[in-house]
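Hello,

Here is the structure I promised to pass on. My notes on its rings and its surface follow below.

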Amino acid sequence: MAALTFPEKHQPRYSGFNLDGMLDETLREGAERCPFSVPTRHKIPLVSKILDTGIRDIVYGSGPNDPTHLIDVIYELHSHGKLPPETQFSFIMLLNCHDPIMPQLKNYPEELKKYLTISFGMISYQSGKKLFERTVEILRVWGFDRFRVSLLNNFSAGIDEASYEKITAEIARSLAMEIETVRINDSLGTIYPEDMAILAANLRNHYPNMNFSLHAHNDRGLGLQNALSSLYHGFNIIEGGFAGTGNRSGLPAIEILDLIFRERNITINGELLDQVNVIDAVKMTEKTFLSLPDLYRPVSGHIVHQENMGVANIPSFLGASSGIPYFLNSTGMHDATVQKILLDEGLADAANNPIMIQNIKARLDEILATAYTKKQAAFEQMRNDLVQFYGSDVLYAARVGQYVRELLK
């Protein structure tokens, strides 16, 4: 089958454009990745913080009781004046396990339906019986009118005309149900940016008025690149998670997208996110889903805004230094580094004495060696505790089997 190519006269865009939405998936994907079930009440502060960033479209979940849990979230936020009127929460309706969900939606509070978008996944399931179409019709009768379709894909072999036709066939089913927002899922995280560019360009060319977004898993470390590629070549909605939270290797990190959008003059509904609350949302995401703080994660890492001082500091050499804290370690322990520190501290006599410089370096090395010995012992203890923490109380399949066997005795 022939490979897909760019449409004739296709022109990418790399800066200075506006997106029609950002879809936050921190709550859904973070909950799926976390091995411990986080109660709804502990998620509400994170939801509130995400709304503080300016995001208004949040995927809450896909669990069997998430529609009901979402009722509590909405009422709690509303009661504290923390629910902007344009807020939308999405529930991922997986059609191969939708039966327990439908009674919850049938009895959904009427005043809350305006806040709920239902995003259908696995629409190929029982397609011969038109399960997707029948479910949409039922939900419309019940008063729901906001829908999306999520198309699952295995892009391991790239994009060819056959795989593209499969996507367009499912888009046709979506359009037949008057659903014009489609999420293209890189379900296994295997697509490459060059293929994503061609796919996005063709979909935008064939469907100029539809809303498209990419669900970009990061299994190859390419989630961010694929997400950007989808935008550069025509998609108009971006998806991501704070702290890169997501199933398996994660999703594009919203805090990095926010930085790039600022540099590239890319807006979301004409606006940028609130930078301070973006960083706060990252930290709250880690706390909510019991994740270790990432010290060196771009933009929001706890040490990423510190630099090793001295002549070995490449950003400083290139003129990119800023007002961030600088620390000294053995890598930066050059004579010129110590001399500059002394000069900056007003110790010119010591700075100009070569013997004094060597004595100071020897003393600083002793301080660093003592600190490492102390920190290394403390770290080993923390590391062992963390290994135990993440290895215990996890409900693996074997433990489920063990519990059932005990019940059957």
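**Rings, charges and a surface patch**

Arginine 13 lies over the face of phenylalanine 17, 4.0 Å from the ring centre. Bear in mind that this is a predicted model. Another charge sits over a ring further on: the charged end of lysine 113 is placed over phenylalanine 144, at 5.3 Å from the centre of that ring.

Next, the aromatic pairs. Searching the whole structure gives nine of them. One of these joins tyrosine 14 and tyrosine 232. Their ring centres are 5.0 Å apart. The planes meet at 70 degrees, over the 60 degrees required, so the pair is edge-to-face.

Where do the two tyrosines lie? Tyrosine 14 is in the segment before strand 1 (18–19). Tyrosine 232 belongs to helix 8 (residues 223–232). The pair therefore ties together parts that are 218 residues apart in sequence.

Are these tyrosines buried or exposed? Tyrosine 14 is partly exposed, at 42% relative accessible area. Tyrosine 232 has 12% relative accessibility, so it counts as buried, the limit being under 20%.

Now phenylalanine 389. This residue is in helix 14 (residues 354–391). Ring pairs link Phe389 with Phe36 and Tyr390 into a cluster. Phe389 is also part of a nonpolar surface patch of about 540 Å². The other members of that patch are Leu290, Leu292, Phe379, Met382 and Leu386. Why can Phe389 count towards a patch? Its relative accessible area is 38%, and patch residues need over 30%. That value makes phenylalanine 389 partly exposed.

Best wishes

How values were computed: Residues numbered from 1 in each chain as written. Predicted model: local features only at pLDDT ≥ 70, side-chain atom pairs only at ≥ 80, totals over all residues. Heavy atoms only, no water. Patch = residues over 30% accessible without salt bridge, like charges linked within 9 Å, V, L, I, M, F, W, Y side chains within 5 Å. Areas by Shrake-Rupley, 256 points an atom, 1.4 Å probe, with all protein chains shown as cover. Salt bridge = Lys/Arg side-chain N within 4 Å of Asp/Glu carboxyl O. Helix = DSSP H or I, 4+ residues; strand = E, 2+ residues; numbered from the N terminus. Buried < 20%, exposed > 50% of the residue type's maximum accessible area, 1.4 Å probe, protein only. Phe/Tyr/Trp six-rings, centres within 6.5 Å; stacked < 30°, edge-to-face > 60°. Lys NZ or Arg CZ within 6 Å of the ring centre and 35° of its normal.
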